[in-house]
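Open the model in your viewer and keep the selection box handy. We'll go stop by stop, picking residues and looking at what surrounds them.

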Amino acid sequence: MKSKIILTACFISSTMLLSAQTNQEILNLINNEVEVNSEAYSQLKKATETIGHRATGTENGRKAEEYAANLLRSYGYDVSFQEFSFNGWNRKSLNLKINNQPIKAVALAHSPANVKLSGELIDLGNGLEDDYKQLGDKVKGKVVFAALGLLEGTSKEIENLHRSEKTALAEKYGAKGIILFNRPAGGILLTGTASVTGDIIKIPAINISLEDGLKIKEQLTKGKEVAKIEMKNDVGQMKGRNIIARKIGSKFPKEKIVLGGHLDSWDLATGAIDNGVGSFSVIDIARTYKKLNLQNDRTLEFVLFMGEEVGLLGSKHYVEQAIKDGSINQIKAMSNMDMTTNPKSYYSTMDANLNVLNEYAKDVQKLIPDFKLNAFSSVDLHSDHQPFMLQGVPIIGLSDSQFTKGALNCYHANCDTFDYVEEIGLKNNVILETYLLYRLSNLNDLPAKRWTEEEIKTNLIKGNLETPLRISGDWRW
């Protein structure tokens with residue numbers, strides 16, 4: 001009993017000592033701890049070597065869930081799993097020939113289980129709706145051929161669409177398949193979901209390299225090209241688990257800030273950049289907060305989402321459950337770390353947060369001289385912040401990540417390996433986000449409030465997000 005009293009007294013004493021320090025002193029404390037003891041880099045390296053990829057619903061995915069949970073437990077957290085079921089997908093085989101010439105290719109996720117077809121290619125340029133409208137019924141029964149990115153010479157006013165939205169358009173206009181060619185050079189093959197809903201799509205969706213894509217595009221100007229596709233995939237009910245660790249707030253325990261990052265990856269490599277750098281930073285931020293016993297008036301919830309790559313399934317499930325039990329009203333802000341490494345600015349979906357973020361940036365710049373003093377506001381899609389944003393929750397986080405040369409070319413690709421990870425990038429992630437959580441969790445009143453339904457609609461339209469949300473079926477207005 002005496003030892004317990006002594007430990008409690010020490011805990012209270014250390015908390016009082018921290019609360020007496022200035023914000024700059026707290027930031028310096030965080031910096032020193034992370035510089036000496038951060039485990040994000042070493043743990044990510046170990047995970048890529050011992051687990052490999054972390055695809056949701058696979059044995060590797062299950063191992064990754066346990067790995068993350070055990071790490072958080074070792075740092076002193078009680079950990080819970082939030083399980084969800086989904087119509088899963090895993091690739092088996094693909095054979096693509098154009099005019100009987102074999103082409104290296106990978107299937108995009110949620111393509112059908114069994115495909116054997118032959119069809120004439122039709123060039124849809126960027127694969128946007130205007131491209132389809134120009135061709136009308138000519139698309140029916142053809143295999144769409146289009147750029148994954150925007151073609152060189154495209155007007156700067158044109159907004160690109162996600163690969164899943166381009167696939168949805170191909171389905172809508174009656175195509176029997178879609179082939180998208182990659183953006184970066186070097187024979188890189190990219191995967192990712194081609195489904196806007198996370199369900200199995202009706203047509204095969206395929207990615208090929210930039211080099212093969214440009215060659216085929218040139219051939220299409222000279223004559224007819226026929227694609228032959230043979231594809232097999234495993235589909236069926238699978239399970240994934242979000243991993244959740246909480247640090248209860250001392251003053252406003254029923255108000256919470258969620259820090260999330262998706263743990264899952266694609267299966268072509270080890271997902272070191274997407275999203276090893278983000279998810280293992282979240283884990284180390286939790287470690288740092290606990291190690292330093294930093295004050296948090298609001299509850300902090302550290303969440304590792306699974307299923308992001310196959311349709312934001314984990315974060316959608318989290319938000320659906322929060323709506324059902326009413327805890328969505330407790331979430332005062334959400335911060336998401338997806339491919340975050342060595343960031344140089346703070347951002348928010350809401351202008352009302354910019355003043356406090358600019359204040360925090362002044363402190364940060366004393367440690368990281370090239371960190372930008374001006375935070376900015378932006379709304380975008382296709383990561384785990386999206387379900388929260390669509391419920392009006394303020395999103396606050398880090399931006400302007402600085403990647404190793406070539407890393408972004410390996411996004412979702414067969415070259416996303418640990419070679420592109422830089423330790424300084426992960427350390428800066430942890431320092432910046434830990435300080436952000438410390439400041440936000442201890443504000444008497446957060447500057448930005450949850451958007452009303454009308455405010456959500458207005459800001460999504462302002463951010464040019466109505467069209468992609470209509471295509472995905474997420475537009476409710």
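A disulfide here is a pair of cysteine sulfur atoms within 2.5 Å. Keep in mind as you click around that this is a predicted model.

**Stop 1: the disulfide**

Select Cys 410 and Cys 415 and show them as sticks. Their sulfur atoms sit 2.0 Å apart, and the two residues form a disulfide. The structure holds 1 disulfide, so with the cut-off of 2.5 Å in mind you can move on once you've seen this pair. Now look along the S-S bond: its torsion is about -110°, so the disulfide is left-handed. Are the two cysteines buried or exposed? Cys 410 is buried, at 3% relative accessibility, and Cys 415 is buried too, with a relative accessible area of 18%; the limit for buried is under 20%.

**Stop 2: the largest nonpolar core**

Next, select Leu 96, Leu 121, Ile 179, Ile 208, Phe 302, Tyr 346 and Leu 357. In the largest nonpolar core, which has 93 residues, these touch the most other members. Which helix gives the most to this core? Colour residues 272–292: that is helix H8, and it contributes 10 residues.

Zoom in on Leu 121. Setting aside residues up to four places away in sequence, Leu 121 touches Ile 98, Val 143, Phe 145, Ile 179, Ile 216, Leu 220, Glu 225 and Ala 227. Apart from this core lies another one, of 26 residues; to find it, pick Val 303, Ile 328, Leu 390 and Leu 460, which are among its members.

**Stop 3: an odd peptide bond in H8**

Go back to H8 and click on Asn 275, which is located in that helix. Check the peptide bond that leads from Asp 274 to Asn 275: it is cis, with omega near 0°.

**Stop 4: helix H6**

Select residues 163–172. This is helix H6, and 7 of its 10 residues are buried, so the helix is largely enclosed by the rest of the structure. Which ones are buried? They are Arg 163, Ser 164, Glu 165, Lys 166, Thr 167, Leu 169 and Ala 170. To see what these residues pack against, show helix H5 (129–135), strand S5 (143–147), strand S6 (177–181), strand S7 (205–208) and helix H14 (466–472). After H6 comes Gly 174, with a positive phi near 85°.

**Stop 5: strand S7 and its partners**

Keep S7 on screen. What covers the picture here is burial on both faces: Ala 205 and Asn 207 on one side, Ile 206 and Ile 208 on the other, are all buried. Strand S3 (residues 105–107) pairs with S7 in the antiparallel sense over 3 bridges, and Ala 107 stands opposite Ile 206. S6 pairs with S7 as well, in the parallel sense over 4 bridges, with Phe 181 opposite Ile 208.

Now step into the loop between S6 and S7 and select Asn 182. Asn 182 is buried, at a relative accessible area of 2%. Where does its side chain reach? The side chain of Asn 182 gets to the backbone oxygen of Ile 188, at 3.0 Å. Beyond neighbours within four places in sequence, the contacts of Asn 182 include Leu 148, Leu 190, Asn 207 and Ser 209.

**Stop 6: a three-stranded sheet**

Select S12 (345–348), then add S13 (376–377) and S14 (396–399). These 3 strands form an open sheet in the order S13-S12-S14, with mixed pairing. S13 and S14 are the edge strands, each pairing on one side only. S12 and S13 pair in the parallel sense over 2 bridges; pick Tyr 347 and you'll find it opposite Phe 376 in S13.

Add two helices. H10 (residues 354–365) lies across S12, S13 and S14 and runs at about 165° to S12. H12 (residues 423–441) lies across S12 and S14, at about 160° to S14.

**Stop 7: two positive phi values**

Last picks: Met 339 and Asn 100. Met 339 sits in the loop between strand S11 (331–336) and S12. Its phi is positive, about 55°, although Met 339 is not a glycine, and this residue is buried, with a relative accessible area of 12%.

Asn 100 is in the loop between strand S1 (79–98) and strand S2 (101–103). Asn 100 also has a positive phi, near 70°, but it is partly exposed, at 48% relative accessible area.

Terms used:
Residues are numbered from 1 along each chain as its sequence is written. This is a predicted model: local features need pLDDT of at least 70, side-chain atom pairs count only at pLDDT 80 or more; totals for chains, interfaces and linings use all residues. Side-chain values use heavy atoms; hydrogens and water are left out. A nonpolar core is a set of buried Ala, Val, Leu, Ile, Met, Phe, Trp, Tyr and Cys residues joined through side-chain atoms within 4.5 Å. Buried means under 20% relative accessible area, exposed over 50%, partly exposed in between (1.4 Å probe, protein chains only). Contact means heavy atoms within 4.5 Å. Two strands pair if DSSP finds at least two bridges between them. Axes are lines fitted to C-alpha atoms, for helices over the stretch in contact, and angles run from 0 to 180 degrees between N-to-C directions. A polar contact is a pair of N or O atoms within 3.5 Å; within protein, one must be able to donate a hydrogen and the other to accept it, and residues adjacent in sequence count only if both atoms are side-chain atoms.
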